[in-house]
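Reader: I have a model open on my screen and would like to talk it through with you. Could we take it step by step?

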Amino acid sequence: MKFSCEKEILLGLLGTASRAVTGKSSMPLLEGLLICADASTLTVTGYDMSMGIRTTTETDVVEPGSIVINARLLLDIVRKLPNDVVYIETDDKLMTTVKCGRAVFNLAATEADEFPALAEVSSATGFSLPQNILKSMISQTIFSVSDNESKPIHTGCLFELDGSRLNVAAVDGYRLSVRRETIEGMSGEMKFVVPGASLREIEHILGEDDEPVEIFPDQKNILFRIGGTMLITRLIEGEFLNYRAAIPNDFEHVVDIDSHELISSIERVSLIVSEKLKNPVRFHFDGNYVQLSCVTAIGKSYDECPIDGCIEDLEIGFNNRYMLDALRASGTEKVRLQLKGSLNPIVISPTEGDKFTYLVLPVRLRAND
């Protein structure tokens, strides 16, 4: 095998494919990247047996071939090379030479024959949407994915396609996030749950433009095709929470609030909260203001924030991080707060439309909280 490639292009391929490589594995091959040079195409693949990433580019191939080489080592080497053309050549004993400028590395590679094949995913049924929309839908829900492996179904996001409407939902037992989007030209009905770990990698790969990403789910796996990169991952089986039934329909109090001001107030009163001191933030709605306070072993904090509306004497406690995650993810200047009582969840939504819904369960307040 013999080919050359611009450093920045090669580094991008290696960095992307390496996201699917495990640090340590019982199969040493899985700690490596499969590098294939064929005709004028260079393909780099990483695979951890549950998620695989394959990315491709056009390059100058002198002699086709395939090898597996340690992912971390090759990525570190290419990252440190000068900004020039990188030449890679493998001899018949699999000794691989990496050259760039005056730098030369000789590395032992492995036969590619035993590298496991990525799962085959049917592309018979699927849909596409702009990359920037999928990226925002993931970022605005992924923080609510559960890390509790005792209920695997909630360690992923539910994707629900109903006609031209795509809903993405995540839940962890303390909060719920739903993001909705209407996609022109999209149709069909399907439902599947994608692992949160895979979605975090997809979010990194996705661009900020409106170029399409193609999505092909089948019974057990799903394929995301993003330009010259494809990611294949297993789907999570099981029954996802009926999130629609979990969102209350009737509220006693509905007010609007500046999300940036509320974020700043929560951040200020949370300065005395830590991993060891996890007391909730107390929200006391009193007329046209919400008074925020917190008490921990190291002291007390207080701030207040104006609201558009009026709620008389309602006190409710929340985990500060859960509220901040939802408010930051909203990405809007103002949000609508919908409440029923001190023991009922708060629902955060846009002041217009239903693009997102965040539900946060309250924390029962004690006298010394």
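Author: Happily; this is a predicted model, and the questions below go from the whole chain to a sheet, its helices and one residue.

Reader: What are the overall dimensions, and how many helices and strands does the protein have?

Author: Along its principal axes, the C-alpha trace spans about 80 × 50 × 35 Å. Of the 369 residues, 51% count as buried. As for secondary structure, the protein has seven helices and 23 strands.

Reader: Which strands stand at the edges of the five-stranded open sheet?

Author: The order of this open sheet is 5-1-7-8-9, with antiparallel pairing. A strand at the edge has a single partner strand, so one side of it is left without a neighbour in the sheet. On average, neighbouring strands here are turned by 15° against each other, direction ignored. The edge strands are strand 5 (60-63) and strand 9 (103-108).

Reader: Lovely. Which residue is the bridge partner of C5 in strand 7?

Author: Strand 1 (residues 2-6) pairs with strand 7 (residues 85-90) in the antiparallel sense, over five bridges. In strand 7, the partner of C5 is V86.

Reader: Which strands does helix 2 touch where it packs on the sheet?

Author: Helix 1 packs on the sheet too, touching strand 1 and strand 7, and its direction makes about 100° with that of strand 1. Helix 2, by contrast, has a direction that makes about 175° with that of strand 9. The strands touched by helix 2 are strand 8 (95-100) and strand 9.

Reader: Are helix 1 and helix 2 roughly parallel or antiparallel to each other?

Author: The axes of helix 1 (residues 7-17) and helix 2 (residues 71-80) come within 10 Å and cross at roughly 155°. Angles over 145 degrees count as roughly antiparallel. The two helices are therefore roughly antiparallel.

Reader: And how do the residues of that contact divide by character?

Author: Helix 1 brings K7, L10, L11, L14 and G15, while helix 2 brings L74, L75, V78 and R79. They divide into six nonpolar, one polar and two charged.

Reader: One last residue: is E201 buried or exposed?

Author: E201 lies in helix 4 (residues 196-205). Leaving aside neighbours within four places in sequence, E201 is in contact with R19, M51 and L231. Its relative accessible area is 17%, and the cut-off for buried is under 20%. So E201 is buried.

How values were computed:
Residues are numbered from 1 along each chain as its sequence is written. This is a predicted model: local features need pLDDT of at least 70, side-chain atom pairs count only at pLDDT 80 or more; totals for chains, interfaces and linings use all residues. Side-chain values use heavy atoms; hydrogens and water are left out. Helices (H or I, at least four residues) and strands (E, at least two) are DSSP runs, numbered from the N terminus. Buried means under 20% relative accessible area, exposed over 50%, partly exposed in between (1.4 Å probe, protein chains only). Contact means heavy atoms within 4.5 Å. Axes are lines fitted to C-alpha atoms, for helices over the stretch in contact, and angles run from 0 to 180 degrees between N-to-C directions. Angles under 35 degrees count as roughly parallel, over 145 as roughly antiparallel, 65 to 115 as roughly perpendicular and the rest as oblique. Ala, Val, Leu, Ile, Met, Phe, Trp, Tyr, Cys and Pro count as nonpolar, Asp, Glu, Lys and Arg as charged, and the others, Gly among them, as polar. Two strands pair if DSSP finds at least two bridges between them.
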